[in-house]
Amino acid sequence: LAATVVDRQNHHLFQPLLYQVATAALSAPDIASPIRSILRPYPSVTVLLGEVEEIDTGARRVRCAHGKVLDYDILVLAPGTRTGYFGNEDWAPFAPGLKSLEDARAIRSRLLLAFERAEREPDAELRRRLLTLAVIGGGPTGVEMAGSIAELTRHTLARDFRNISPEETLILLIEAAPRILGGFDEELGGYALERLKRLGVTVMLGQKVEEIDARGLTVDGRHIPAGLVIFAAGVTSSRLGEQLGVETDSAGRVPVLPTLEVEGLPGVFVLGDAAAFRDADGEPLPGLAQVAKQQGIHLGRALVEHIREGTPLPPFTYRSRGNTAIIGRHAAVYETPKRRKVTGWPAWALWALVHVHLLVGFQNRLLVTTQWLWRYLTYERGARVVTGDETGIAPPRPASDPAVAEEQRIA
């Protein structure tokens, strides 16, 4: 058996912890591992860096953007999702989503630079705008992001600045629905709301964002000046699924059979967030890391047996380990598969265990656990470095640079 893995990034990324990179709690390498390193023990697997541009299911062939053409007997698509702006794509430059390391780094830079600029800004009104941070979307990502920003500003940055008070930052969490964490039990949503308020987050429920621009955002007709807007309200599937020529759902996901195969396309499978998979009750599976991981393990083993022994492909069965979201220091919500509700420190511990378990590689698990322990004891966040290209300040040029010599001559 021989397999080829094609990815436009050279790393595997654990997206559920991206918000911690965006808020300087973790570094990028803590939640990402080189794909080649992960697959090194499997000599039959070839890794190619590239982006699939075209899929020809009739010829059983895929073409990459760099020109490489690959023939296939079995095709497995697991391209994930991208930020969805509900048709308002012009918002993207002003309100980054959180789907990649580049997104997380961009948010972290904008977040930290907002404080740096406020520190040197003499105008009180401009300082207020810079220190107003808005998170759009009250799902797990938005709740976790808002809570993490609150802890960063009130415990870490508050000790670093002299001319401003970061703990007075206005943090907004804006949700169009009447409550946050809509996928959880209402009691857990209420607990999360109370914890966010204790952290100093202003939660705006039942209010719709109408416009986002460079100055801030407009909510229900009221303009709110903001130094940073983060969009955590919507996702849509990768455009790669459209290449299969089958009808997708409203989120761009490809409907699949219980075996994860695309109906009418033998040998083509779709996994994870790109797949519209329904369980035995007809309910669609949520876009969670544990779903994607279980599907990948299931299909990988099933295909090996199918190819080697001709065994029919078994249907996939999802075994939920529960839903969880963290709201801040030793505060979280956890809902078990049997709808048992856990809050507070026990839920926080369960959240940590689940996320460490889902990380790829012992090294990453050890690094993340160590970082969390250190942060818990000290409130410190070490990943607060912003480089020259991110600050907008050009790095110094060497004296040997002809342009420098000419400037000195003119001077």
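This text considers a small sheet, a pocket and a serine in a loop of a predicted model.

The sheet is open and consists of 3 strands in the order 13-14-15, paired in the antiparallel sense. Strand 13, residues 209-213, and strand 15, residues 222-225, form its edges; each has a single partner strand, so one side of each lacks a neighbour in the sheet. From one strand to the next, the twist averages 20°. The pairing of strand 14, which covers residues 216-219, with strand 15 is antiparallel and comprises 4 bridges. Within this pairing, T218 has H223 of strand 15 as its bridge partner.

The second subject is the second largest pocket, which encloses about 420 Å³ of space. Its lining comprises 20 residues, and those nearest the centre of the pocket are D279, L285, P286, Y318 and S320. By residue character, the lining of this pocket contains 9 nonpolar, 6 polar and 5 charged residues.

The third subject is S100, located in the loop that runs between strand 9 (81-83) and helix 3 (101-120). Is S100 buried or exposed? S100 counts as buried because its relative accessibility is 17%, and the cut-off for burial is under 20%. The side chain of S100 takes part in a polar contact with the side chain of E102, at 3.3 Å. In addition, a polar atom of the S100 side chain lies 3.1 Å from the backbone nitrogen of D103.

Methods
Residues are numbered from 1 along each chain as its sequence is written. This is a predicted model: local features need pLDDT of at least 70, side-chain atom pairs count only at pLDDT 80 or more; totals for chains, interfaces and linings use all residues. Side-chain values use heavy atoms; hydrogens and water are left out. Two strands pair if DSSP finds at least two bridges between them. Helices (H or I, at least four residues) and strands (E, at least two) are DSSP runs, numbered from the N terminus. Axes are lines fitted to C-alpha atoms, for helices over the stretch in contact, and angles run from 0 to 180 degrees between N-to-C directions. On a 1 Å grid over the protein atoms alone, a cavity is a set of points where a 1.4 Å probe fits but cannot get out, and a pocket is an open set with protein on both sides within 12 Å along at least five of seven lines; lining residues have an atom within 4 Å of a point. Grid points are joined across faces, edges and corners, and a volume is the space filled by probe spheres set on the points. Ala, Val, Leu, Ile, Met, Phe, Trp, Tyr, Cys and Pro count as nonpolar, Asp, Glu, Lys and Arg as charged, and the others, Gly among them, as polar. Buried means under 20% relative accessible area, exposed over 50%, partly exposed in between (1.4 Å probe, protein chains only). A polar contact is a pair of N or O atoms within 3.5 Å; within protein, one must be able to donate a hydrogen and the other to accept it, and residues adjacent in sequence count only if both atoms are side-chain atoms.
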